[in-house]
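Work through these exercises with the sequence and the 3D view side by side. Try each task before you read its solution.

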Amino acid sequence: MAQAVRKAISSGEHVAVQAGTGTGKSLAYLVPSIHHAVAKGTTVVISTATIALQRQLVDRDLPRLAKALKPLLGRAPTFAILKGRRNYLCLNKLHGGGDDVDPADELFDPFAISAMGRAVKRLHEWADTTEKGDRDELVPGVTDATWRQVSVTARECLGAAKCPVGEECFAEKAKAEAGKADIVVTNHALLAIDALEGRPVLPEHDVVVVDEAHELVDRVTGVATGELTSGIVVSTSRRLGKLIDQAAADRLAEAGEGLAMVLEDLPPGRWDSLPQPASGALSAVLSAASACRTALGGERKDDPDGAVGRKVAQASLDEVVDIATRLLGVFEESDPAKRHDVVWLAEQGPDHSRYKVLHAAPLWVGGLLRERLFGRSTVVLTSATLALGGNFDALARQWGLPPEKVAESQTDPVPDPDAPKWSGMDVGSPFAHARSGILYINKRLPPPGRDGLPPAYLDEIAGLVEAAGGRTLGLFSSMRAAKQATEALRGRLDTPLLCQGDDSTMQLVKKFAEDEATSLFGTLSLWQGVDVPGPSLSCVIIDRIPFPRPDDPLVAARQRATDSRGGNGFLSVSATHAALLLAQGAGRLLRGMDDRGVVAILDPRLATARYGGFLRASLPPFWTTDDREKVHAALRRLRAAPVDA
């Protein structure tokens with residue numbers, strides 16, 4: 001893998017590398033990246049999806065490599081971590097430069113107000129001792145609403161030159177440190193902002209390594225998705241305060257309240273056409289917000305103390321104008337298949353205070369990635385799960401890359417001579433999957449339905465957990481199914497059973513790892529976050545193929561668009577999504593060289609449906625069976641085996 005990365009950097013040809021758990025992939029991309037950065041006097045950006053991997057790179061892998069490579073390079077390579085501005089404490093806002101409370105976060109519960117007050121007081125004390133002002137270093141943490149009282153977005157920031165405490169700014173210090181580093185570790189969201197928004201937030205670079213690359217499209221889509229609620233509009237009008245004529249601010253508030261009334265009467269779902277009442281309400285919001293922006297004007301040098309409040313109001317207004325313009329502009333194209341964005345109305349919030357949210361998301365991000373990521377840097381993409389259905393093409397399409405090898409058939413399009421050049425490589429795994437693991441698919445179970453887990457599924461789960469003596473991670477496609485299984489089996493099993501939601505996920509995983517007899521049931525967030533080597537985990541159960549919800553507006557729009565171009569929307573979108581999650585879930589089993597066990601997928605469609613072959617080809621090459629007795633016997637043998645066997 002190190003040789004493949006080195007070749008990609010020297011040739012400028014992108015590379016996607018599938019590297020299983022335990023291959024040492026971070027070392028394989030860091031060594032050639034460091035060599036390139038030091039030799040050329042440039043910066044290499046490493047992007048990850050999770051804080052855990054960022055911490056591993058910055059706290060463990062890079063310090064070790066810096067020490068090991070110093071004699072060979074003539075100096076120790078340098079590295080830094082860089083996050084979005086909102087992740088850093090803003091000293092100007094902390095010390096009263098701006099509103100004390102964001103209107104969107106106003107609290108009316110006396111207990112909540114006092115709790116936030118105590119948390120903000122703790123932040124003041126922390127500000128005197130912290131060196132980096134990084135939210136992730138604050139233990140215990142604080143709520144998002146509390147953190148917003150002491151942080152600013154990039155749009156709200158005054159800029160170091162105009163800020164009274166600009167020289168002490170934590171975000172600027174992190175940016176300056178990153179500008180001098182050989183290696184900068186960041187996250188997919190900041191990478192997307194740097195690539196998509198036209199304002200550079202990362203140091204100048206010519207190589208990007210995207211680790212956890214299977215998450216890239218979802219994270220970029222998230223950054224490129226806009227939201228509008230009536231609450232955002234009303235809070236923006238309140239932020240304007242005494243900055244503009246009250247009548248103009250009142251008009252914006254009234255437009256926000258009008259939007260709330262219109263959205264309340266509309267059902268959630270995708271909008272293929274713009275409802276007439278919504279068109280009027282959005283136009284009113286845009287008109288009122290534009291008038292407020294004109295009234296607010298530019299920067300006022302005669303009021304330096306009000307600069308932060310003015311900047312925050314300006315940023316909020318810009319956001320409202322931008323998203324309202326975007327929402328209205330989508331429907332200027334009458335053919336939904338030709339639109340760049342998908343618009344839908346959703347209902348969010350807890351049961352006692354639900355509210356409507358309008359979303360606009362890009363139909364595809366492949367074109368953006370092709371132009372602004374692959375067109376500007378040499379990119380190395382890596383993950384334990386990239387080759388779906390046996391090749392890289394499913395994810396390559398989503399990244400905006402051409403198929404790796406164009407099949408010689410009459411139906412294939414003529415290759416694009418300007419398409420980015422890339423290659424795929426599977427470096428394998430240190431695990432002997434066929435000897436270490438069993439894939440169990442019970443073809444005799446009924447297909448999963450919509451009314452919860454059938455009794456046969458509960459019996460199957462109970463039998464597997466009993467045979468394993470606990471030691472089971474149950475991964476369910478919904479929280480409802482996880483809770484149903486937990487409630488049905490807690491009184492039936494002789495071993496402890498934990499369920500996501502009983503405690504924090506970190507504490508639950510800790511208890512699960514420490515007690516071999518314990519089983520843990522949960523949902524999506526456990527699929528990728530559990531790393532439990534050793535005898536505490538010998539059985540992974542997946543209740544059903546994790547297809548996205550059929551009513552997911554973005555998924556449905558992407559499938560329809562693929563079908564309209566003559567492709568297979570279900571296979572390209574839904575089956576690819578399911579294959580990724582299945583591979584991630586099955587990857588929880590073997591985490592150490594001595595691990596053994598069973599991955600049991602209860603959904604018979606994996607064996608019987610036409611798309612089953614594509615999904616099975618995306619899984620590790622375990623020995624496969626549908627014989628329940630053989631599986632139970634294997635689990636009982638594992639339970640009886642000595643720990644060091």
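Buried means under 20% relative accessible area, exposed means over 50%, and partly exposed lies in between (1.4 Å probe, protein chains only). This is a predicted model: local features need pLDDT of at least 70, side-chain atom pairs count only at pLDDT 80 or more, and totals for chains, interfaces and linings use all residues. Residues are numbered from 1 along each chain as its sequence is written, and side-chain values use heavy atoms, with hydrogens and water left out.

**Exercise 1. The whole chain**

Task: Describe the chain by its burial, its elements and its dimensions.

Solution.
Step 1. Start with burial. Of the 645 residues in the chain, 51% are buried.
Step 2. Turn to the elements. Helices (H or I, at least four residues) and strands (E, at least two) are DSSP runs, numbered from the N terminus. The chain has 25 helices and 18 strands.
Step 3. Check the compactness. The radius of gyration is taken over C-alpha atoms, and the globule rule is 2.2 Å times the number of residues to the power 0.38. The chain's radius of gyration is 26 Å, close to the 26 Å that the rule gives for 645 residues, so the chain is as compact as a globular protein of that length.
Step 4. Add the spans. Along its principal axes the C-alpha trace covers about 80 × 65 × 60 Å.
Step 5. Look at the contacts. A contact means heavy atoms within 4.5 Å. Among contacts with a separation of 6 or more, 75% join residues 24 or more positions apart.

**Exercise 2. The seven-strand sheet**

Task: Find the strand order, then the helices that pack on the sheet.

Solution.
Step 1. Two strands pair if DSSP finds at least two bridges between them. The open sheet of seven strands runs β3-β4-β2-β5-β10-β1-β11, and its pairing is parallel.
Step 2. Find the edges. They are β3 (79–81) and β11 (422–426), each pairing on one side only.
Step 3. Read the turn between neighbours. Axes are lines fitted to C-alpha atoms, for helices over the stretch in contact, and angles run from 0 to 180 degrees between N-to-C directions. Neighbouring strands are turned by 15° on average, direction ignored.
Step 4. Place the helices. Helix α1 (residues 2–11) packs on the sheet and touches β1 (14–18), β5, β10 (378–383) and β11. Its direction makes about 160° with that of β10. Helix α3 (residues 51–73) lies across β2, β3 and β4 (183–187), at about 170° to β4.

**Exercise 3. Strand β2**

Task: Which way do the residues of β2 point, and what stands opposite Ile46?

Solution.
Step 1. In a regular strand the side chains alternate between the two faces of the sheet.
Step 2. Apply this. Val44, Ile46 and Thr48 point one way from β2, and Val45 and Ser47 point the other way. All of these are buried.
Step 3. Take one neighbour. β2 (residues 44–48) runs parallel to β5 (residues 207–210), with four bridges. Ile46 stands opposite Val209 in β5.
Step 4. Take the other pairing. β2 and β4 are parallel over five bridges. In β4, Ile46 has Val185 as its bridge partner.

**Exercise 4. Strand β12**

Task: Repeat the analysis for β12.

Solution.
Step 1. Five of the five residues of β12 (residues 437–441) are buried.
Step 2. Gly437, Leu439 and Ile441 point one way, Ile438 and Tyr440 the other.
Step 3. β12 joins β17 (residues 597–601) in parallel through five bridges. Ile441 is paired there with Ile601.
Step 4. β12 also pairs with β18 (residues 623–625), parallel, over three bridges. Here Ile438 has Trp623 as its partner.

**Exercise 5. The four-strand sheet**

Task: Give the order and the edges, then trace one pair.

Solution.
Step 1. The open sheet has the order β6-β9-β8-β7 and antiparallel pairing.
Step 2. Its edge strands are β6 (226–228) and β7 (269–270).
Step 3. β8 (residues 341–348) and β9 (residues 355–362) are antiparallel over eight bridges. Ala346 has Val357 of β9 as its bridge partner.
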